[in-house]
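This report describes selected parts of one protein structure. Please view the sequence and the coordinates alongside the text.

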Amino acid sequence: MSTSNTTAEGSWKKALANLPGSPEHIPAFFFSHGSPSLAFDMGIPWMGPNGPLAKFLADFGPAILKKYNPKAIVVFSAHWETAKERLVTDYGDENPLLYDYYGFPKTFYDVEFKSKGDSTISQRVVQLFKEAGLPARTTSKLESRGQDGRGFKGPGFDHGVFIPFRIMFGETFLDVPIIEASIDHTLSPEDNWKIGSAVKKLRDEGVLVLSGGLPIHNLRDFSGFSPDTASDLLRSFDKGMHEAVSQDKPEERKKAMINLVNHPGFRAAHPREDHFVPLYVAAGAGEGEGVTTLVEEYAFGSFAFGS
């Protein structure tokens, strides 16, 4: 590991250790979920299984489990958006996987992550959405939520969940039920902030709220994923994101964060907003409270809202 990566690792370990340790009021987290390349080495060191993001995830998962001992995890992913209503998984004793990526070697479609759901938590999430005026319902294993990389339609957790979670929690994780909920298809910062605000009460009910995306996600420009090759414009946007999130006053932070879509580098970083709006979900779930930066490194910033 390089000196810079060693420094980064020490920084996030310290930030994780210093998080408030109250299971009665758990922060909501935005985390960089990476890509399928986290599972196998594809020659992308920064995003590979031995890179700094994988190392962070391997520290992040055990740290938050130990600190908060959650009774459930509710996760939002950049890879599941729905229009008009929120969908919430209710998959029972085993959560299926949706291998929603294309053109990878066969081994990528053999990746496993065993976990379970919890109908009571799923129904509670739906209830909170409805109380906030957001139409919502559960979805079961009998209902397709998309098409996987082999052309099959089906239910299941997308790779924005199972790829990082198998690093964070291990390939078999049955101790804590996991429920996934969809983000809003409009990809509006305000609409997705409302989604987070709607589930804020979960944090006081022993439920860990996680929201995964990426601060930089442009598949037309792979040089942008590494700090060694990223353009000045992308680096400027990443810096701007950290400056916005770190605003002390919650109302000023919200204004600065929502205004990030007007940054000159926003479209270079996100031709489509899907990987960025999960940041607003996490921020909404921690609205009006403090924020802690867990990872400051370029392209995989991660934050604890309500800390």
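The sections below cover a strand, a helix, a nonpolar core and a single asparagine in this predicted model.

## Strand S8 and its partners

Strand S8 spans residues 207–213, and 7 of its 7 residues are buried. Val207, Val209, Ser211 and Gly213 point one way from the strand, while Leu208, Leu210 and Gly212 point the other way. Both sets are buried.

S8 pairs with strand S1 (residues 28–32) in the parallel sense, over 5 bridges. Within this pairing, Gly213 of S8 is the bridge partner of Ser32. S8 also runs parallel to strand S2 (residues 72–82), to which 6 bridges join it. Here Val209 of S8 stands opposite Val74.

## Helix H2

Helix H2 comprises 17 residues, 52–68. From its first C-alpha to its last it reaches 24 Å, close to the 24 Å expected at 1.5 Å a residue. Just after the helix, Asn69 takes a positive phi of about 40 degrees.

Which residues of H2 are buried? They are Pro52, Leu53, Ala54, Phe56, Leu57, Phe60, Gly61, Ile64 and Tyr68.

## The largest nonpolar core

The largest nonpolar core has 95 residues. Those that touch the most other members are Phe29, Phe56, Phe60, Phe76, Phe129, Phe165 and Leu210. H2 gives the most to this core, with 7 residues. Phe56 and Phe60 are among the buried residues of that helix, and Leu210 is one of the buried residues of S8.

Phe76 has contacts to several parts of the chain. With neighbours within four places in sequence left aside, Phe76 is in contact with Val209, Leu210, Ser211 and Gly212, among others. Its further contacts are Phe129, Ala181, Ser182, Ile183, Ile195, Val199 and Val281.

## Asn192 in helix H5

Asn192 lies in helix H5, which covers residues 189–198. Is this residue buried or exposed? Asn192 counts as buried because its relative accessibility is 0%, and the cut-off for buried is under 20%.

The side chain of Asn192 reaches the backbone nitrogen of Asp184 at 2.9 Å. Not counting residues up to four places away in sequence, Asn192 touches Ile183, Asp184, Leu187, Val277, Tyr280 and Val281. Asp184 is thus named in the contact list as well as in the side-chain to backbone pair. Ile183 and Val281, both touched by Asn192, are also in contact with Phe76.

Key
Residues numbered from 1 in each chain as written. Predicted model: local features only at pLDDT ≥ 70, side-chain atom pairs only at ≥ 80, totals over all residues. Heavy atoms only, no water. Helix = DSSP H or I, 4+ residues; strand = E, 2+ residues; numbered from the N terminus. Buried < 20%, exposed > 50% of the residue type's maximum accessible area, 1.4 Å probe, protein only. Polar contact = N/O pair within 3.5 Å; in protein donor to acceptor, adjacent residues only side chain to side chain. Contact = heavy atoms within 4.5 Å. Expected span 1.5 Å × (residues − 1). Pairing = 2+ DSSP bridges. Core = buried A, V, L, I, M, F, W, Y, C linked by side-chain atoms within 4.5 Å.
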